[in-house]
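The following exercises concern helix packing, burial and cysteine chemistry. Each task is followed by a solution in steps.

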Amino acid sequence: MDRLARDLRRDFPDMTGLSPRNLKYMRAFAEAWPDPAIVQQLVAQLPWGHNIRLLEALKQPKERAWYAGQAVEHGWSRAVLTHQIEARLIERAGKAPTNFAQTLPSPQSDLARELLKDPYNFEFLAAAADISERELERGLLDNLRELLLELGKGFAFVGSQYHLEIGDQDFYLDLLFYHLRLRCFVVIDLKVDDFKPEYAGKMNFYLSAVDDLLRHPDDAPTIGLILCKGRNEVIVEYALRDSAKPLGVAAYRVSPQLPKQLEADLPTPADLAREYPLMALAKLRIDIERMLRQLTQQHNVPDGSSAIRSMLERLAQVRGLPQSAAAFGETLRILNAATHGVDVSADAAAAALDAGTRLLDELKLLGKSA
């Protein structure tokens, strides 16, 4: 191998990556992926550093293929790939007990089930044994980047202690998310003890309220996730069996102290700087589209294309629009790009978020005055 490396460097002096060590990785790569179809469709889409990490960390071909597929689908950096391998994501993904098969249509039920894990790994959070629910919630919010990484791609944070007024009484949801792929709200209820049947009843109440007060007609049914310190599978099965609302129950684990290699295992802000602005822009586009559809219905605008640009043009014919709508073309281009997962610069994302939020606020005022 050393002689081959010398011969190759002599014959191809301008080519890099021909060290003995790298040649050994190439040989290991060829032995690990003997099927050309898998190479072309899967691992060829990953950087070389990702493939080396897969070879070093995993010995089973099925596990390598699973993590490679997840890295391609979710755009993981090498640090995130390493973290997910060490956290044994393959053993946790899709393992939470749910009633999705009975309460959600296919294929949404399958997708929703695969998105949930058990247990959730909150080892980035140092917690005492007697931690309270509010302390657990504050700890997760203080580590929101890590929480979103553990929840998985597509979760957009909506709020904590989200207020709902029901029957002249105040209720507060621990954590509220919107999932951009499932197109539905996700309510998370945090418990610092083991699962109890009454937790399912309370979550049913929350889901009914969110479906009635927040859910848009185009949204899928709201999903509930009860996160507990522990659970008994039989009790969970009985509690979920006859529930008409989509519910899942999962355990979580925290670290008694901060892991020594925390910063090395978790992605840097730069690793995730792209994804979360895109999620915020995609959510903003959804809100603008909904508001425009509501205004077209209020003003009896004739049915036509449901595209944002088309709805703006039709509304302009029957009702004056805010000045911000006139220069909305570039903002709409960036919102569309973000919705389709195309990278946009940080400056462009910030400008689009500001302009889009301003237009949405003005459209809401327009709706109130109608």
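The exercises begin with a helix of this predicted model.

**Exercise 1.** Identify the buried residues of helix H6 (residues 78-86) and describe the backbone at the residue Arg88 that follows this helix.

*Solution.* Step 1: the buried residues of H6 are Val80, Leu81, Thr82, His83, Gln84 and Ile85. Step 2: after H6 comes Arg88, which has a positive phi, near 55 degrees.

**Exercise 2.** Determine how far helix H4 (residues 48-57) is enclosed by the rest of the structure, and state what covers its buried residues.

*Solution.* Step 1: a residue counts as buried when its relative accessible area is under 20%. Step 2: in H4, Gly49, His50, Asn51, Ile52, Arg53, Leu54 and Leu55 are buried. Step 3: because seven of the ten residues of H4 are buried, this helix is largely enclosed by the rest of the structure. Step 4: the cover over the buried residues of H4 includes helix H2 (20-32), helix H5 (61-74) and H6.

**Exercise 3.** Classify the packing of H4 against H6 by angle and handedness, then give the composition of the contact.

*Solution.* Step 1: two packed helices are described by the angle between their axes and the distance between the axes. Step 2: the axes of H4 and H6 cross at roughly 20 degrees and come within 10 Å. Step 3: angles under 35 degrees count as roughly parallel, and therefore H4 is roughly parallel to H6. Step 4: the crossing of H4 and H6 is right-handed. Step 5: H4 contributes Gly49, His50, Arg53, Leu54 and Ala57 to the contact, and H6 contributes Arg78, Leu81, Thr82, Ile85 and Glu86. Step 6: sorted by class, the contact of H4 with H6 has four nonpolar, three polar and three charged residues.

**Exercise 4.** Decide whether Leu151 counts as buried or exposed, and list its contacts, not counting residues up to four places away in sequence.

*Solution.* Step 1: Leu151 belongs to helix H10 (residues 144-151). Step 2: Leu151 has 2% relative accessibility and therefore counts as buried. Step 3: beyond four places in sequence, Leu151 touches Leu115, Lys117, Tyr120, Phe177 and Ile188. Step 4: Leu151 and Leu115 are 36 residues apart along the chain, while 8.0 Å separates their C-alpha atoms.

**Exercise 5.** State how many disulfides a search of the whole structure finds, and assess the burial of Cys184 and Cys228.

*Solution.* Step 1: a disulfide is a covalent bond between the sulfur atoms of two cysteines. Step 2: the search of the whole structure finds zero disulfides. Step 3: Cys184 counts as buried because its relative accessibility is 0%. Step 4: Cys228, at 0% relative accessibility, likewise counts as buried.

Key. Residues are numbered from 1 along each chain as its sequence is written. This is a predicted model: local features need pLDDT of at least 70, side-chain atom pairs count only at pLDDT 80 or more; totals for chains, interfaces and linings use all residues. Side-chain values use heavy atoms; hydrogens and water are left out. Buried means under 20% relative accessible area, exposed over 50%, partly exposed in between (1.4 Å probe, protein chains only). Helices (H or I, at least four residues) and strands (E, at least two) are DSSP runs, numbered from the N terminus. Contact means heavy atoms within 4.5 Å. A disulfide is a pair of cysteine sulfur atoms within 2.5 Å. Axes are lines fitted to C-alpha atoms, for helices over the stretch in contact, and angles run from 0 to 180 degrees between N-to-C directions. Angles under 35 degrees count as roughly parallel, over 145 as roughly antiparallel, 65 to 115 as roughly perpendicular and the rest as oblique. A crossing is left-handed if the near helix is turned anticlockwise from the far one by less than a right angle, and right-handed if clockwise. Ala, Val, Leu, Ile, Met, Phe, Trp, Tyr, Cys and Pro count as nonpolar, Asp, Glu, Lys and Arg as charged, and the others, Gly among them, as polar.
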